[in-house]
Amino acid sequence: MPIIEHHEFIKASPELCFDLARNVDVHTQTTSHTKERAVGGVTTGLMEKGDSVTWEAVHLGVKQRLTAKIIEMDRPHMFVDVMVKGAFHSFVHTHTFEQKEDGTVMVDHFHYTSPFGVIGRLADRHFLEKYMTKFLVRRAKVLKEIAENEDKYIT
């Protein structure tokens with residue numbers, strides 16, 4: 001059961017970072033390398049507690065669908081989404097936003113369980129944990145770019 005934690009400092013307010021992180025349109029911008037798009041549930045704008053979204057994307061060369069639901073939210077400090085349906089056995093993704101003197105530390109805490117028992121654990125060890133870490137870091141860096149250059153992006 002890998003746990004991935006990534007910290008990203010962003011020169012923007014926690015409110016802006018929080019809203020960008022839960023914005024479906026921004027999510028598609030931050031995951032464009034996987035051709036991610038919302039195909040069900042909330043498909044545009046800001047997600048709220050109780051909302052779900054179904055994403056379609058290409059991961060590891062395979063087109064996949066994953067449905068996630070926001071189960072907890074405390075604006076602008078944190079929200080939690082969980083997988084409802086998808087390729088993982090389960091995942092819990094906690095997003096936190098801590099105000100610092102000149103910006104925000106955004107933390108992604110991603111805890112997942114791979115399917116297929118021992119085979120899934122081998123996949124984690126050999127490539128999946130590294131792939132998911134790279135995915136989360138890349139998404140955070142693009143979100144940082146958007147937040148710090150807000151006037152250049154349409155959200």
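When I speak of the bend at a residue, I mean the angle between two axes, one fitted to the seven residues that end there and the other to the seven that start there. With that in mind, and remembering that what we have in front of us is a predicted model, let me begin with helix α3, which runs over residues 117-148 and has a kink of about 65° centred on Asp-124.

Asp-124 is also one of the buried residues of this helix, and the others include Ala-123, Leu-128, Met-132, Phe-135, Leu-136 and Arg-139. As for what lies over the buried residues of α3, the cover includes the helices α1 (14-21) and α2 (24-30), together with the strands β1 (3-10), β3 (52-59), β6 (90-100) and β7 (103-113).

Of those elements, α1 deserves a word of its own, for it is mostly covered, with seven of its eight residues buried; among them are Pro-14, Cys-17, Phe-18 and Asp-19.

Let me turn now to the largest pocket, whose volume comes to about 770 Å³. Its lining is made up of 39 residues, and those that lie nearest the centre are His-59, Leu-66, Phe-88, Phe-91 and Met-132. Which element gives the largest share of that lining? It is α3, the kinked helix we started with, which supplies 10 residues, while α2, β3, β4 (62-74), β5 (78-85) and β6 each supply at least two.

Sorted by class, the lining of this pocket has 25 nonpolar residues, eight polar ones and six charged ones. Met-132, then, is a residue to keep in view, since we have met it both among the buried residues of α3 and among those nearest the centre of the largest pocket.

Technical notes. Residues numbered from 1 in each chain as written. Predicted model: local features only at pLDDT ≥ 70, side-chain atom pairs only at ≥ 80, totals over all residues. Heavy atoms only, no water. Helix = DSSP H or I, 4+ residues; strand = E, 2+ residues; numbered from the N terminus. Buried < 20%, exposed > 50% of the residue type's maximum accessible area, 1.4 Å probe, protein only. Contact = heavy atoms within 4.5 Å. 1 Å grid on protein atoms, 1.4 Å probe; cavity = no way out; pocket = protein on both sides within 12 Å on 5 of 7 lines; lining within 4 Å. Points joined across faces, edges and corners; volume = space filled by probe spheres on them. Nonpolar A, V, L, I, M, F, W, Y, C, P; charged D, E, K, R; others polar.
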